[in-house]
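Student: I would like a close look at one part of this model. Please start from a single residue and work outwards.

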Amino acid sequence: MNILAIETSCDETAAAVVRDGREILSSVVYSQVAEHQKYGGVVPEIASRRHTEQIAGVSRRALAGLPQAGGPRPAAGLLRDIDAVAVTYAPGLIGALLVGVGFAKGLALAAGKPLVPVHHIRGHVASCYLAHPGLEPPFLCLVASGGHTAILDVAGYTAYRIVGRTRDDAAGEAFDKAARVMGLGYPGGAALDALAQTAQPGKYPLPAPRIENAPYDFSFSGLKTSVVNLCHNAAQKGAALDLPALAADIAHTVAEILSSRFLAAARELGREALVCAGGVSANSRLRARLTELAAREKKSLFLPPLSLCGDNAAMIASQAYYEWQAGNRADMSLNGYATMEIA
Ligand code: KG4
Ligand code: ZN
């Protein structure tokens with residue numbers, strides 16, 4: 001079964017075709033990052049406008065990328081090779097989501113194909129199905145992105161339970177805000193990661209608070225505030241901060257918080273397979289630490305390749321296959337939602 005998925009929840013305009021939830025036939029991502037960088041963050045209205053301009057071309061390229069029997073055909077004709085259209089309908093920037101939802105509905109209606117709604121975070125989890133053919137639920141998943149950070153118990157492809165979650169900022173948000181005040185640009189997670197690799201942690205101890213009676217919850221706002229204060233105090237005194245060392249401490253602290261609580265949850269729940277997904281799963285220190293801890297505790301660890309950590313439509317098409325199998329379909333009244341629980 002070939003599913004064409006559309007993803008426009010934030011600042012990437014993406015379309016992809018995936019066969020049977022596991023095999024990427026084509027995947028196209030148009031990143032708007034360069035444009036939002038000027039403003040130090042995603043400007044929702046600009047994101048919506050760019051999605052509107054790009055979505056048809058990106059989808060056409062995704063369809064044109066399909067392998068063809070009997071040579072190339074016009075892109076529009078390729079819709080006949082698609083069995084369903086899927087779309088991210090929540091959570092995300094509402095104006096951005098609505099572009100994708102409207103486009104996917106029009107496509108499904110015109111082509112006479114069923115429409116499958118997909119939750120963005122479920123899509124991130126599915127990025128690991130594309131990279132690891134043997135991976136099947138049940139498993140425990142750490143999902144960390146710019147908007148979400150949670151530990152999810154995935155009992156089945158569409159059966160999720162939240163084991164822990166952030167009480168304030170997402171891990172990616174903490175990286176981005178720290179990177180911004182350090183002058184590393186936006187989104188600064190990857191730049192901070194690169195800088196952190198050039199130094200050792202230990203010079204700037206940062207808070208790693210625990211939440212009372214919620215051992216698997218997270219809080220990153222204190223860490224963010226500490227970094228902001230360090231930078232502002234140094235600027236006021238005209239003192240120079242050791243930015244590589246600070247980056248190393250930020251990456252170290254976030255990786256320790258995420259990996260230690262994730263492994264503790266796996267131990268308590270007795271889950272043997274561990275998955276990490278979302279933009280922050282690209283972080284080198286987090287990947288190294290998870291690999292080390294999983295090996296020590298004899299758990300199997302599944303990470304997405306770097307190409308599938310950030311937002312893309314292939315992961316949405318993958319999850320859509322399992323949503324389809326569970327009977328989840330949308331009709332022409334499908335709407336977008338800025339917030340929505342995963343479970
Ligand atoms: O999943 P994603 O692409 O978009 C959301 O759904 O939010 O995640 C984006 C987040 C941003 O906060 C970005 O800075 C962060 O992932 N990120 C990283 C790295 N690469 C991307 N954070 C830390 N280290 C990285 N290498
Ligand atoms: Zn995402």
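Student: Where does N283 lie, and between which elements?

Tutor: Keep in mind that this is a predicted model. N283 sits in a loop, with β9 (273-277) on one side and α9 (284-296) on the other. Is N283 buried or exposed? Its relative accessibility is 6%, so N283 counts as buried, the cut-off being under 20%. A polar atom of the N283 side chain lies 3.1 Å from the backbone nitrogen of R285. Leaving out residues up to four places away in sequence, N283 touches F175 and D193.

Now take the elements around this loop. β9 and α9 each supply at least two residues of the largest nonpolar core. So do β6 (139-144), α5 (171-181), α6 (189-196), α7 (221-237) and α8 (243-269). This core has 44 residues. Which of them touch the most other members? They are I151, V227, I250 and L258. The largest share comes from α8, with 14 residues. In soluble globular proteins, nonpolar side chains tend to be buried together.

V227 deserves a separate word. Neighbours within four places in sequence aside, V227 is in contact with A178, V181, M182, L206, L246 and I250. A second core is separate and holds 36 residues. Among its members are A16, V18, C128 and M315.

M315 leads to another loop residue, G310. G310 touches M315, as well as H124 and G279, again not counting residues up to four places away in sequence. The loop of G310 runs between β10 (300-302) and α10 (314-325). G310 counts as partly exposed because its relative accessibility is 30%, which falls between the 20% and 50% limits. G310 also has a distant partner in sequence: S145 is 165 residues away along the chain, yet 8.2 Å away in space, C-alpha to C-alpha.

Last, a strand for context. In β5 (residues 115-119), five of five residues are buried. One side carries L115, P117 and H119; the other carries V116 and V118. Both faces are covered. β5 runs parallel to β4 (residues 84-90), and five bridges join the two. One of the pairings matches A86 with V116 in β5. From β4 the chain passes through helix α3 (residues 94-111) to β5, a right-handed β-α-β crossover.

Notes. Residues numbered from 1 in each chain as written. Chains lettered and ligands numbered in written order. Predicted model: local features only at pLDDT ≥ 70, side-chain atom pairs only at ≥ 80, totals over all residues. Heavy atoms only, no water. Helix = DSSP H or I, 4+ residues; strand = E, 2+ residues; numbered from the N terminus. Buried < 20%, exposed > 50% of the residue type's maximum accessible area, 1.4 Å probe, protein only. Polar contact = N/O pair within 3.5 Å; in protein donor to acceptor, adjacent residues only side chain to side chain. Contact = heavy atoms within 4.5 Å. Core = buried A, V, L, I, M, F, W, Y, C linked by side-chain atoms within 4.5 Å. Pairing = 2+ DSSP bridges. Right-handed = clockwise from strand over helix to strand, strands pointing away.
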